[in-house]
Amino acid sequence: MPEPNTNVGAMTVRKAGGLSRGVRVLRNLGIIIPLVVITLLVLTAIFAPLLAPHNPTENNMLARRLPPAFMTGGSADHLLGTDKLGRDNLSRLIYGGRVSLSVSLLAIAITASIGTFLGITAGYLGGRIDGFIMRVTDMALSFPALLLAMLLQIGIGPGFFTVVVALSILGWAGYARLIRGEALKLRNSDFVAQARIIGASPLRIMFRHIFPNVINSLLVIMTLQVGMMILMESALSYLGIGIPAPTPSWGSMVADGRGDLDSAWWISLFPGIAIGLVVLSGNFVGDWLRDKLDPRLRQL
Amino acid sequence: MARFVLIRVLQSIIALIGIMVLVFLLLRVSGDPVTLIRSPNMSEEQVQAIYHQMGLDKPLPQQFWLYLSELARGDLGTSLVKQRPVSEMIGDALPNTLKLGIPSFIIGMSLAFLLGMLAATRRDSIWDQGIKFLAVLGQALPGFWVAIMAILIFYQNLRWFPVGGMSTPAHYVLPVATMVFFMLPGMMRLVRSSMLDVLDTEYIKLARIKGLPERTVIWKHALRNALISPLTILGMLFAGIISGAVITEQIFNWPGMGRLAIEAVFGRDFPVVQAIVLIVAVMVMAMNLLVDIAYAYIDPQIRYQRS
Amino acid sequence: MAEVLLEARRLTKHYPVTAGLLQRTVGTVRALDGVTFTIDRGKTLSLVGESGAGKTTVAKMVLLLERPTSGSVIFEGTDICQLSPSRLKTEYRPRVQAVQQNPWSSMNPRMRVRDIVAEPLVVNTHRSPDEVRATVQHMLTQVGLMPDHADRYPHEFSGGQRQRIAVARALALNPSLVVLDEPVSALDVSIRAQIMNLLKDLQEQHNLSYLVIAHNLATVRYVSHWVAIMHLGQIVEYGPAEAIFENPVHPYTQALISASVLSAPEGAGPETKPIILTGEMPSPLNPPSGCRFHTRCFKAIPECSTTEPELKDIGEGHQVACILAY
Amino acid sequence: MSKTVLEVKDLRTSFFTRRGEVKAVDGVSFYVREGETFGIVGESGCGKSVTGLSILRLLPEPAGKIVGGKIILEGTDLLQLSKAQMRGFRGRKISMILQDPMTSLNPVYTVGDQIAESVRLHQKLPAADMVRDEVISALRLLKIPAPERRLHDYPFQLSGGMRQRVVGAIAMSCHPRLLIADEPTTALDATIQAQYIALFKDVQKTTNVAIIFITHDFGVIAQMCHRVGVMYAGKFVEKAATRELFDAPRHPYTIALINSVPRLDRKDERLFSIEGQPPSMMDLPPGCRFAPRCSSAQDICVQQEPPEVKVGEEHFVSCWRAS
């Protein structure tokens, strides 16, 4: 039965997405902006000490709740104003970015490696191991991470490390489930059978055939996870069970501003925008990567 | 089919015991738990009293057995901070959480399905682009920040809706909106892509060949098949909703389980946190079971395999 | 009699069917039940039959992708099922290669053609990179491709060209036996002829033995010296291709040929009334009793449902498993 | 001579993609009479399935468009009908069978539901049991054993061959005038395929329905079709009665195709194989599209497209050498 190629036109159409020229330009533009934002974030995180005008944790009781410079009563010294303890918002925003990014990247590194390892073992070996790992993965996926973070908060006390553990303890499940699906498909594929026929060792098959074909999905998930982790970290910090004060974190900054919404609403406004911008860019890069590398992953 | 449900329930119970052990150990892993519970102004006797009350002076296995037997009697222990039985406190909080959770779930799901299908059936139209942008934005903005901004705009400036507590129906609007915001983007996107996949299939082409009006093709043939893959994510989404509930209750001062949990964490009220985690675990199990049963209802092949 | 390269003796393979959450076995799929055949050096044996006949399972046994439940595969005198993994890797694997059906999935999409064709050499021999590159170039020209194709990726080729790459890979180690699982059925009509001619030329040049799996009888007649007709895990008729096609004895073979004569234009063939089978294909999960074809056979008599027919010789190696034929 | 059911005149269908216009069908004309089967044969990508979809106006939105020609079904030009009117024709006047039985039926509805749906839509029957009788008679027409029991089966409970019969029952349930079968036997095993063809010849005898049979398999054409059109790169290169086409093919492509199919009745020494690849539908060569692969191509073939010439009773060829 030859490959049923019923409507040749439609097939090419679907792959090309049938987009008009205008949208294609937008799409290219659509990837430049997010990339710029991400690079900016990384740079500010690395060079935070140089960029931040003030020490983010230095209280200044005289200059409390100053509005941003461009509003009446604002001072040029504090471009984005100050919070209820007189600390400079801009510096806290810059250092907050550093904290959020480092927590997220560390958590991603942990979850990606555990998840991929379990995914490939379950997918490639199959049988009872696969059944067990998938049962645990389904459990981990359906359990609210926030509650577990609370438990950890009490169990091992607040701290940078606790947040990373809180993000990673369930985060690996997403990778495991998806990578397992990919590995299963690859194990049954013709070219893996072919490799076994010529006598390639299981190790060679894993590294030369399975892993290269899984990297695409891995890259896509990791990019999309950047946003997810930042959102999760900021939620924990907002609730006060994330990064402990006084270290600045975008989530805790929003929480600090919660009380002064009527008088100093900008304290909560700017960190929220920062989170949104960064996560939006992360997701755009992830979507662009998925379209380029692996359109089948659409439902992610 | 009944046999299948029985096995699934059995498995859930085993998993539940697993979680109990995990929770039990997690709270005792950091050496002496009392040091965590001790707040500065507690005298030595009070600490000893709590120590004894918690049974922490006994060896671990015995503690666990004690903990299990209490649980079996439905006794979730007493709150260290409020000296009230935990089951009573949860009895007050749980209904409030459900009063917020259930309407949000219904509104959120139906909205997600309507918008997802709308986007899929009018591919690349302004509707589709708009909904996609809404979904992308929704998945990027932090829920707690959006809620605060909503309060800023609708409560402080426009005075449309009251905030804090749940006394009048108007108090429900912003919290439910926030909860819907948590679940809408992810589900909407999934419904759209699942619908697109189904609309590409041969049996949908055959439905059109039969001359069926597009309405029937979509609502009868496509929808039921498109329900299957979002169902798999429902379990994950439910976890997200519970996390969302904790945040929403904290922001809007909603007297539900979420706020109870937060207070318990800050008050180091360790039995309360433990009880809440267990109850959530039971809810999660029930949800997974419901999803499995719904599977069999929608997809006859699974029903056939399981009988 | 040509020299025997490979002999399968009473090959049997049963797959347990598990159901429910506790993975209890609730039945067995009897994919192969006592299949015996021989492949001569430089000759082609074709296994023909419909889906579920067990053709691909035989290929898996010969390629040792799976171990048979019972029975043995004798290659140049030694039973490969007994070989230790290391001896298997040095003595058997390099001598037996495969070409698979679907050209779109039998190659790693992320490897260049050069590495794909070279992989068998890299894994099994310790030749120097230059030697390997030379062999790859030689192989590509042998199958009618250009040397500069070596640096491209599989997705840059048409179905027919990919199948040529698959053949080049299979012949890289100069094997004695090549297993071809439906080698042309995924290709367009005009391209099929190109590949079939290529395979025949290579067989003559390198004295290769082929084990071909196919469901299209006309293709089988063109490439085969020996043919085995398979039905539900058993061989029902076995013999030289000419004998099978000129004088088919088993009712199932006659039905298959009559159905496939459709693929010979009406004008040319004798005006025989086509044999149309009734009833549905039985499932390998619980095959019919006695002769497994009796539920669809147009010549069935009561004894067919009780006695299990054995393959009997009816002259010059032409064997049939049907009680009406003895 | 029985009545002409469908006449297609100079049909042109294109797909407008980002990389330009794909002329999938580029000027196709043919007719089908009552009780007759017209075969369209060609390799994948030649536009035979797009022709079928164009007749039903079910081209994938928004890229697929019919850009020219007429499709006249018993006097009505389908291209002039509104979307709603056209929908009225689908299933009632024209119906279609698709290639893969495994995916043509909706997995979550029973066989009975899926047939009854067409019957209720097109035949305004007052009583429910009348609908049930219509469904059972459709199943009987396709010789499906124990139709009453099959009503309640789900598609996954049936074999490939049986499912293809159910698809046939759906197609025939409202007594259409024209049935388009797009490679219905390709996914079936040889003996099941033979059963299916014999079945449809029988169905045609009892219902006198006109059939367009699309396939790449010459054997199926030989057994099933009265007349046949050989398609290459979006156009017919030859049209003739089936026996005439096999006995005296005139177009080089037809000749090459017939010779490259291995014969079962005799041992071929050497199969004829056509060199090269079918052209990409994006940038079609000037002149005759088969010229690059044609062994007897002349200068004129490369410059100008050959006109269609009548070379016998209902035998047409588009080739410079033939006229």
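**Entry 1: chains A and B**

I began with the contact between chain A and chain B, where 37 residues of chain A touch 44 residues of chain B. I note here that the model is a predicted one. I then looked up which elements of chain A take part. Those giving two or more residues to the side that touches chain B are α5 (127–141), α6 (145–156), α9, α10 (250–258) and α11 (266–293) of chain A. Which of them gives the largest share? I found that α6(A) does, with nine residues. I also sorted this side of chain A by class and wrote down 22 nonpolar, twelve polar and three charged residues.

**Entry 2: two helices of chain A**

Next I looked at how helix α7 (residues 160–187) of chain A packs against helix α9 (residues 202–239) of chain A. The angle is about 155°, and the axes are 10 Å apart. Angles over 145 degrees count as roughly antiparallel, so that is the term I entered for α7(A) and α9(A). The crossing of α7(A) and α9(A) is right-handed.

I listed the residues that make this contact. From α7(A) they include A:Val163, A:Ala166, A:Leu167, A:Gly174 and A:Tyr175. From α9(A) they include A:His209, A:Ile210, A:Asn213, A:Met229 and A:Leu236. By class, I have 15 nonpolar, four polar and two charged residues for the contact of α7(A) with α9(A).

**Entry 3: an arginine of chain B**

I looked up B:Arg123 and found it in the loop between α5 (86–121) and α6 (126–140) of chain B. Is B:Arg123 buried, exposed or partly exposed? There are 16 other C-beta atoms within 10 Å of B:Arg123. A residue is buried at 20 or more and exposed at 12 or fewer, so I entered B:Arg123 as partly exposed. I also checked B:Arg123 against B:Ile151, which is 28 residues away along the chain; their C-alpha atoms are separated by 35 Å.

**Entry 4: the domains of chain D**

I turned to chain D, which is divided into domain 1 (4–93 + 177–317) and domain 2 (107–175). Taken over C-alpha atoms, the centres of domain 1 and domain 2 of chain D are 29 Å apart. Their contact takes twelve residues from domain 1 of chain D and 13 residues from domain 2 of chain D. On the domain 1 side, the largest share is six residues, from helix α8 (residues 190–207) of chain D. I sorted that side of domain 1 into eight nonpolar residues, three polar and one charged.

**Entry 5: chains D and C**

I then looked up the contact of chain D with chain C and recorded 40 residues of chain D and 36 residues of chain C. The elements of chain D that give two or more residues to it are α7 (160–172), α8, α9 (218–224), α10 (242–247) and α11 (252–260). Which element gives the most to this side of chain D? My entry is α8(D), with seven residues. Helix α8 of chain D is thus down twice in this notebook, here for chain C and above for domain 2 of chain D. By class, the side of chain D that touches chain C has 18 nonpolar, twelve polar and ten charged residues.

**Entry 6: an arginine of chain D**

My last look-up was D:Arg263, which lies in the loop between α11 and α12 (299–303) of chain D. I counted 19 other C-beta atoms within 10 Å, so D:Arg263 is partly exposed. In sequence D:Arg263 and D:Gly219 are 44 residues apart, and in space 9.8 Å, C-alpha to C-alpha.

Key. Residues are numbered from 1 along each chain as its sequence is written. Chains are lettered from A and ligands numbered from 1 in the order in which they are written. This is a predicted model: local features need pLDDT of at least 70, side-chain atom pairs count only at pLDDT 80 or more; totals for chains, interfaces and linings use all residues. Axes are lines fitted to C-alpha atoms, for helices over the stretch in contact, and angles run from 0 to 180 degrees between N-to-C directions. Helices (H or I, at least four residues) and strands (E, at least two) are DSSP runs, numbered from the N terminus. Angles under 35 degrees count as roughly parallel, over 145 as roughly antiparallel, 65 to 115 as roughly perpendicular and the rest as oblique. A crossing is left-handed if the near helix is turned anticlockwise from the far one by less than a right angle, and right-handed if clockwise. Two residues are in contact if their C-beta atoms, placed from the backbone, lie within 7 Å. Ala, Val, Leu, Ile, Met, Phe, Trp, Tyr, Cys and Pro count as nonpolar, Asp, Glu, Lys and Arg as charged, and the others, Gly among them, as polar. Domain bounds come from an automatic or database domain assignment.
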